Amino acid sequence: MMSARNFPKRMFLPSVLLAALIIIPFSAPLITAEDPIKIAVRYRLAAPDLQHWLGRDEFGRDRLARVLHGGQVSLTVAFVATTIACIIGTFFGLIGAYFRGPSEFITSRLSDIVLCFPPILLALLVVTLFGPGAGTLVAVLSVLYFPTFARITFSEALRVTSLDFVEASRALGTPSRRIVLGTILPNIAGPLSVQYSLTAAAAITIESGLSFLGLGVVPPAPSWGQMIRGARQFMNQDPLGIMIPCAALVLTIYAINFFCDRLRDTLDPKGASGSGMDEVSKPLALADAPAIKDPDVVAVINKLRLETARFGTSAAVIEDVSLTLRANQCTALVGESGSGKSLSSLALMGLLPGAIRQASGTLQLRRKTGEVVDLGFLDARTLEDIRGNDIAMIFQEPMTSLNPIHKISDQMIEAIQAHRPMSKSDARAHAVQLLKRVGMNDAEQRIDSYPDQMSGGMRQRVMIGMALSCEPRLLIADEPTTALDVTIQAEIIQLLQTLRQDQGTGLSLLFISHNLGVVADIADRVAVMYSGQIVEEGPADQILRDPHHPYTRALIESMPSSHEGLHSAGGDRLPAISGTPPLPSARPSGCTFRDRCPIAVHACAEIRPALYPSADGGRAVRCLRAPEAPAGLMNHQTEAA
Ligand code: SF4
């Protein structure tokens with residue numbers, strides 16, 4: 001729960017403004033004792049005086065009382081209708097996106113049917129059937145607006161559902177209700193809150209419009225629409241009459257939009273808050289982190305801990321992850337889905353999903369300027385400048401990373417101009433050079449193609465070219481060859497090899513993969529992740545030929561076909577990895593791998609292994625039975641559990 005101490009400062013002003021604009025109308029009896037419907041014709045259009053601060057309307061009714069009581073009606077109708085539309089639309093959007101099939105069909109058809117009706121026609125139909133009034137208005141507005149929520153929820157939930165951490169939760173057997181409410185919903189809260197603001201503001205306007213047309217609130221009950229309707233005929237002789245309800249409308253709509261914009265920034269980790277973490281648990285500041293002395297070091301992840309915190313409980317999804325990334329070196333991050341490898345890379349990009357926060361640790365980056373920054377402490381603008389410029393990322397499926405409706409040339413030029421002050425023709429020439437550099441034949445002609453006119457391999461070359469457009473120091477490749485066939489896979493791996501061996505660029509490559517065969521071809525160092533921790537790390541040839549952790553050994557043994565770069569250790573072999581990794585909230589005591597480990601002993605349930613370095617410091621392993629583990633740990637308990 002958000003306490004007063006950790007209430008975001010940015011929310012203070014909009015919250016106060018919105019609260020004031022809501023509280024003031026509902027405090028009408030405390031502000032004025034006048035009756036909003038009491039007619040006194042002989043005082044019609046009377047000017048403001050000490051008793052009637054805003055004067056009187058065309059029937060001699062007190063305008064202040066009417067604008068306050070009218071606000072109650074307008075706000076109640078707008079917020080109740082928007083909330084109902086939001087709940088219904090979000091429900092349909094979520095089940096449509098998560099369960100697909102018939103649920104998706106029902107969601108889209110239902111939305112289409114409602115959107116077929118012109119809003120005013122629908123309002124007229126409902127008013128004819130049920131008669132005018134506040135209840136009818138709520139019903140009309142709820143029906144009018146729920147399809148918008150359903151569509152936004154559907155598209156956003158579809159995007160989030162395809163992310164690794166959701167797939168990992170599914171694979172781990174997390175109940176659908178928990179995934180939908182605890183993982184997907186918080187991640188789409190940003191766009192939904194913006195839509196809520198727009199809808200609430202539009203609902204106030206539509207309510208006023210319908211009341212103005214005589215289809216809404218029934219006279220003499222006050223509403224802002226009714227006030228505008230009444231004052232319209234006397235605009236010339238009494239402009240105050242129309243200005244007061246209009247000012248109330250404008251102020252209220254502005255306050256709602258202001259509040260929801262700030263709410264979106266607060267909920268969205270890519271928003272102005274930078275990392276999106278709350279104030280409860282702060283990561284180390286850069287000043288507390290070890291200094292990066294080696295000029296070859298591009299980035300250092302130090303003791304990184306990422307948590308999910310929902311419904312009052314938090315669990316570590318990434319725990320004690322440390323990694324050093326060097327220039328002209330490829331570090332591979334390997335592990336099963338849900339092991340935390342993609343989350344670690346998203347943390348480096350400052351793109352953590354909304355449900356995840358950086359609880360501790362540092363993410364240091366040496367920028368091209370030589371300045372060392374902590375990515376967890378940067379504002380949104382600096383992070384934007386770093387992305388693409390100092391760190392770039394390529395993804396698994398280039399088709400979904402490229403915009404299908406724009407030519408490659410337009411997309412590359414836009415990416416280049418985002419970070420470099422360059423004319424369009426110079427940016428185009430640079431884009432052609434980049435395409436040539438990544439091995440694209442006929443680059444001058446191909447650059448004017450649309451993404452769907454290219455093969456998967458060519459699209460991935462375009463993505464790599466775009467990623468390199470500003471010569472980043474760190475390139476993160478997240479399963480970049482998984483969607484490609486074997487021949488193209490080899491070509492892309494060869495291309496990445498060439499790029500990172502190019503001494504002139506000083507590029508550091510972080511290669512994320514579950515395919516150890518590919519890793520053996522490209523990586524200098526390997527870090528194996530299991531259940532949010534690095535369990536083994538060291539030179540690729542040593543780790544792949546002589547794994548010391550049973551999980552690394554199991555990964556190698558479970559490869560579908562042998563690879564010349566892979567060689568499992570003898571002894572306790574696993575034909576495949578049995579069982580599934582534990583949920584972050586249900587990790588066992590001691591070693592997190594012990595439920596799946598064939599060589600576990602009693603001590604494994606009692607001691608949480610650290611990452612033990614080898615004598616020469618070249619590799620490290622998180623296992624009590626590894627050669628690197630301190631001898632004393634296993635002295636008293638070595639029998640199999
Ligand atoms: S610490 Fe124990 S359970 Fe964990 S990997 Fe090593 S032997 Fe297996």
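## Starting point: Asp112 in helix α4

Let's begin with Asp112, which sits in helix α4, a stretch covering residues 101–116. Because its relative accessibility is 24%, Asp112 counts as partly exposed. Its C-alpha lies 9.8 Å from that of Arg151, and the two residues are 39 positions apart in sequence. Please keep in mind as you read that this is a predicted model.

## The chain as a whole

How many helices and strands does the chain hold? The secondary structure adds up to 23 helices and 12 strands. The chain has 641 residues, and buried residues make up 52% of them.

Contacts tell you how the chain folds back on itself. Taking the contacts with a separation of 6 or more, 67% join residues that are 24 or more positions apart. On the outside, the chain exposes about 28800 Å², and 59% of that area is supplied by carbon and sulfur atoms.

## Around the ligand

Which residues are the closest to the ligand? They are Cys591, Cys597, Cys604, Cys623 and Leu624, part of a set of 13 residues that surround the ligand. By type, the residues of this shell divide into 10 nonpolar, 1 polar and 2 charged. If the nonpolar count looks high to you, remember that Cys is counted as nonpolar here. The space that the ligand takes up is the second largest cavity.

## An enclosed helix: α10

Helix α10 runs over residues 224–231, and 7 of its 8 residues are buried, so this helix is largely enclosed by the rest of the structure. The buried residues of α10 are Trp224, Gly225, Gln226, Met227, Ile228, Gly230 and Ala231.

A reminder about helix geometry may help when you look at this segment on screen. An α-helix has 3.6 residues a turn, so residues three or four places apart point the same way.

## Two more helix residues with distant partners

Ala19 belongs to helix α1, which spans residues 12–26. With a relative accessibility of 31%, Ala19 counts as partly exposed. How far is the C-alpha of Ala19 from that of Ala255? The separation is 9.0 Å, although their positions lie 236 residues apart along the chain as a sequence distance.

Thr128 is located in helix α5, made up of residues 119–130. Is Thr128 buried or exposed? Thr128 counts as exposed because its relative accessibility is 66%, the cut-off for exposed being over 50%. From C-alpha to C-alpha, Thr128 and Leu215 are 9.1 Å apart in space, while in sequence they are 87 residues apart.

## Ser449 in a loop

Where does Ser449 sit? Its place is the loop that connects α17 (443–446) with α18 (456–467). Despite that loop position, Ser449 counts as buried, because its relative accessibility is 12% and buried means under 20%.

Leaving aside residues up to four places away in sequence, Ser449 touches Lys407, Ile408 and Met454. His406 is 43 residues from Ser449 in sequence, and the C-alpha atoms of this pair are 8.8 Å apart in space.

## Two residues with positive phi

Two residues here deserve a look at their backbone angles. Asp320 is not a glycine, yet its phi is positive, at about 55°. Asp320 is part of strand β2, which covers residues 313–326. Its relative accessibility of 36% is why Asp320 counts as partly exposed.

Ser531 is not a glycine either, and its phi is also positive, at about 50°. Ser531 lies in the loop between β9 (525–530) and β10 (533–539). Is this serine, Ser531, buried or exposed? With a relative accessible area of 4%, Ser531 is buried.

Terms used: Residues numbered from 1 in each chain as written. Predicted model: local features only at pLDDT ≥ 70, side-chain atom pairs only at ≥ 80, totals over all residues. Heavy atoms only, no water. Near = heavy atom within 4 Å. 1 Å grid on protein atoms, 1.4 Å probe; cavity = no way out; pocket = protein on both sides within 12 Å on 5 of 7 lines; lining within 4 Å. Sits in = over half its atoms within 2 Å of the grid points. Helix = DSSP H or I, 4+ residues; strand = E, 2+ residues; numbered from the N terminus. Buried < 20%, exposed > 50% of the residue type's maximum accessible area, 1.4 Å probe, protein only. Contact = heavy atoms within 4.5 Å. Areas by Shrake-Rupley, 256 points an atom, 1.4 Å probe, with all protein chains shown as cover.
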